[in-house]
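Trainee: Please take a close look at a single part of this model, and explain in one connected account how that part is placed within the whole.

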Amino acid sequence: MPDSLNLSLSDLEKQYGQTWIWTAIDAPTRLLITFWIGGRELDDARRMLCDLTDRYPNKPLFVSDELPSYATVPGELFHKLIPAPATGKPGRPRKARHHPMVAAAALAPV
C-alpha cells in the first residue's frame, strides 16, 4: 500500500472537513448531472460550474449556502460586461453595465 493511504488518526483529524463534494442535480428527473470533489475555494466553484454549463446548456437554478464564490462564478459564466458608448463630452464616462447572456439552446424551439 502507498504511504499516502496509511494516515494516522491525527492526520485524518487535520484533513477532516477540507474536502467537499459539489453536485449538480436535475430536479425533475433527480439525475446527477455532474459532480466535483475538491475544496471550497473559488477555483473549485469555477471548475464545477464550467463543467455544468458544458453539460447543461440552459441557465441552472442555483441553491446554495451563500459561499461568496457562488456569486462570482455564475456572474462570469452567465453575464457579459457591456461598456458604455463614448459620448464625446468631457467628464467621467458612464459605468459599464452587466447584461445577462442567454444560452443558444434556451432560445431554440421545443
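**Helix H2 and its surroundings**

Mentor: Strand S1, strand S2 (31–38) and helix H3 (68–78) are among the elements that cover the buried residues of H2, where covering rests on contact, that is, heavy atoms within 4.5 Å. This is a predicted model, in which local features need pLDDT of at least 70 and side-chain atom pairs count only at pLDDT 80 or more, while totals for chains, interfaces and linings use all residues. Residues are numbered from 1 along each chain as its sequence is written, and side-chain values use heavy atoms, leaving out hydrogens and water.

The residues of H2 that are buried (under 20% relative accessible area, 1.4 Å probe, protein chains only) are Asp44, Ala45, Met48, Leu49 and Leu52. Because these residues cover an arc of only 115° around the axis, they lie on the same side of H2, the arc being taken from the directions of the C-beta atoms as seen from the helix axis. H2, which spans residues 42–55, has 14 residues, and the distance from its first C-alpha to its last is 20 Å, close to the 20 Å expected at 1.5 Å a residue (1.5 Å times one less than the number of residues).

As for the wider setting, the protein has four helices and four strands, both being DSSP runs numbered from the N terminus (H or I, at least four residues; E, at least two), and the elements follow the order α-β-β-α-α-β-β-α from the N terminus on. Of the 110 residues in the protein, 15% are buried, and among contacts between residues at least 6 apart in sequence, 31% join residues at least 24 apart.

Key
Buried < 20%, exposed > 50% of the residue type's maximum accessible area, 1.4 Å probe, protein only.
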